[in-house]
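Let's take a walk through this one together. Have the sequence and the model open, and follow along.

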Amino acid sequence: MKVGILGGGQLARMIALAGYPLDVEFIVLDPSDHAGATGLAEHLQGDYTDKALLAELAKKADVVTYEFENVPAEVAAFLAEHTRVYPAPNALSVSQDRLHEKEFFHQLNIPTAHYATIGSLEDLRQAMEHIKYPAILKSRRMGYDGKGQVFLKSEGQLAEAWDAVERVDCVVEGFVDFQREVSIIAARRANGEIAFYPLSENIHEKGILRVAECCVGDKLQQQAESYVVKLLDALDYVGVVALELFDVDGSFVANEFAPRVHNSGHWTIEGAETSQFENHLRAILNLPLGSTKARGYTGMVNFIGGLPTIESVLNIPNAHYHLYAKSPRKGRKVAHATVRADSKEEYSKSLQKLIELAKSTDDS
Ligand code: AMP
């Protein structure tokens with residue numbers, strides 16, 4: 001079996017690492033000459049829109065998947081004409097446009113922040129007569145890790161904010177005063193079988209995920225599962241999905257979903273019976289899904305912009321280091337560490353040490 005991946009970064013790297021024990025082979029398409037997965041897979045180097053390379057990828061791979069959602073719709077459609085593509089292009093087209101995504105949530109009766117669609121400064125001014133400050137102006141497309149977003153505090157700021165997003169199509173949404181941010185990661189097979197991971201509680205700073213902690217037995221697990229099932233079934237989805245939610249007084253408001261393996265699920269590598277990467281492969285290869293049960297207390301810390309030494313991470317009990325083979329650059333995710341322990345006390349101590357280490361090397 002050969003799996004093709006659009007993108008050869010850290011997510012592709014971790015998918016490939018999970019596939020090796022199952023004797024799965026990989027081929028990645030990525031423009032850079034050295035990306036995280038290129039040492040683990042055949043590498044087609046070039047642009048994601050290069051038809052000849054896409055045709056080669058489709059020919060060589062039994063199934064194609066991707067590690068980011070901003071794949072141009074025509075690329076996904078082209079691949080789908082020539083081979084199996086999972087998740088299917090419809091999941092991409094919904095998730096890569098914040099307006100379509102919000103409309104989709106509404107069709108499914110999944111609550112979101114109040115929002116309006118913006119195509120001009122006048123639209124923005126009118127929308128802000130109905131949406132309360134603070135609010136966030138977000139570009140409809142190509143946004144990730146807080147990019148293409150402006151926090152709006154007052155009317156006087158609107159013209160400047162519109163310029164800051166470079167006057168592209170946007171949505172504006174009310175700021176959600178949440179108690180916590182969580183995500184639910186789930187895997188679905190073509191026969192409709194679904195496996196849910198325990199919720200992750202996620203801490204962001206400057207719009208970038210810093211820490212994700214597995215919450216076994218969370219009282220809102222069922223609510224999150226009921227939302228993600230609607231989404232998976234409506235899209236006839238195959239693969240792993242991540243749905244990001246705000247917890248507001250015990251009820252969820254959806255932020256966005258990612259049609260792929262997700263940073264908030266990296267703790268599953270050592271912290272779950274079957275990692276999100278392995279379950280993604282099982283789902284797209286139509287194999288039985290593995291148990292998503294957590295193995296004790298577990299979580300993950302991201303390293304952004306700077307890398308601690310291998311020794312400093314491995315000196316922390318219960319820590320496992322995952323390097324992405326990327327050179328450090330400001331704001332760039334370059335590695336993460338997971339922690340897994342049998343006791344809560346041991347877990348919390350190790351997690352705290354990792355958080356301090358990440359702070360000492362942070363460049364974001
Ligand atoms: P996003 O790129 O939409 O995932 O936004 C990145 C992060 O910004 C989220 O994980 C939240 O921490 C924060 N954020 C985004 N939208 C909102 C909102 N409407 N209300 C409050 N915080 C938000």
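Which side chain has an N or O atom 2.6 Å from an oxygen atom of the ligand? That side chain belongs to Glu181. Keep in mind, as you look at it, that this is a predicted model.

**Around the ligand**

Glu181 has plenty of company: the ligand is surrounded by 15 residues, and Glu181 is listed among the closest, along with Lys138, Glu173, Val176 and Glu256. Two further polar partners are worth a click. Gln149 brings a side-chain N or O atom to 2.9 Å from an oxygen atom of the ligand. Gly174 uses its backbone instead, with an N or O atom 3.1 Å from a nitrogen atom of the ligand. Here are these contacts side by side:

| Residue | Part of the residue | Ligand atom | Distance |
|---|---|---|---|
| Glu181 | side chain, N or O | oxygen | 2.6 Å |
| Gln149 | side chain, N or O | oxygen | 2.9 Å |
| Gly174 | backbone, N or O | nitrogen | 3.1 Å |

**How the domains meet**

Now zoom out. The protein splits into domain 1 (2-85), domain 2 (114-174) and domain 3 (180-361). Let's stick with domains 1 and 3, whose C-alpha centres sit 22 Å apart. Domain 1 puts 20 residues into their contact, and domain 3 puts in 19. Between them, the two domains bury about 1700 Å², and 70% of that area is on carbon and sulfur atoms.

What about polar links across this boundary? There are four residue pairs in polar contact between domain 1 and domain 3, with both residues at pLDDT 80 or more. The salt bridge count between these domains is one. Arg260 and Glu69 pair up through their side chains in a salt bridge, at 2.6 Å from N to O.

Which elements supply at least two residues each to the side of domain 1 that touches domain 3? They are helix 1 (10-19) and strand 4 (63-66). Helix 1 gives the most, with seven residues on that side of domain 1. Sorted by class, the side of domain 1 facing domain 3 has eleven nonpolar residues, five polar ones and four charged ones.

**A salt bridge inside a helix**

Across the whole structure you'll find 20 salt bridges. One to look up is Lys60 with Glu56, where the closest N and O atoms are 2.8 Å apart. Why are these two about one helical turn apart? Lys60 and Glu56 both belong to helix 2 (residues 51-60), and they are separated by about one turn because they lie four residues apart in it.

**Some backbone oddities**

A few loops deserve a look before you close the viewer. The peptide bond from Tyr86 to Pro87 is cis, with omega near -10°. You'll find Pro87 in the loop that runs between strand 5 (84-85) and helix 4 (89-95). Tyr133 and Pro134 are also joined by a cis peptide bond, with omega about -5°. Pro134 sits in the loop between helix 6 (121-127) and strand 7 (135-139).

Then there's Asn109, which isn't a glycine yet has a positive phi, near 60°. Look for Asn109 in the loop between helix 5 (98-107) and strand 6 (115-118).

Methods
Residues are numbered from 1 along each chain as its sequence is written. Side-chain values use heavy atoms; hydrogens and water are left out. Domain bounds come from an automatic or database domain assignment. Contact means heavy atoms within 4.5 Å. Buried area is the accessible area (1.4 Å probe) that two parts lose on being put together, summed over both. A salt bridge is a side-chain nitrogen of Lys or Arg within 4 Å of a carboxyl oxygen of Asp or Glu. A polar contact is a pair of N or O atoms within 3.5 Å; within protein, one must be able to donate a hydrogen and the other to accept it, and residues adjacent in sequence count only if both atoms are side-chain atoms. Ala, Val, Leu, Ile, Met, Phe, Trp, Tyr, Cys and Pro count as nonpolar, Asp, Glu, Lys and Arg as charged, and the others, Gly among them, as polar. A residue is near a molecule or strand if one of its heavy atoms lies within 4 Å of it.
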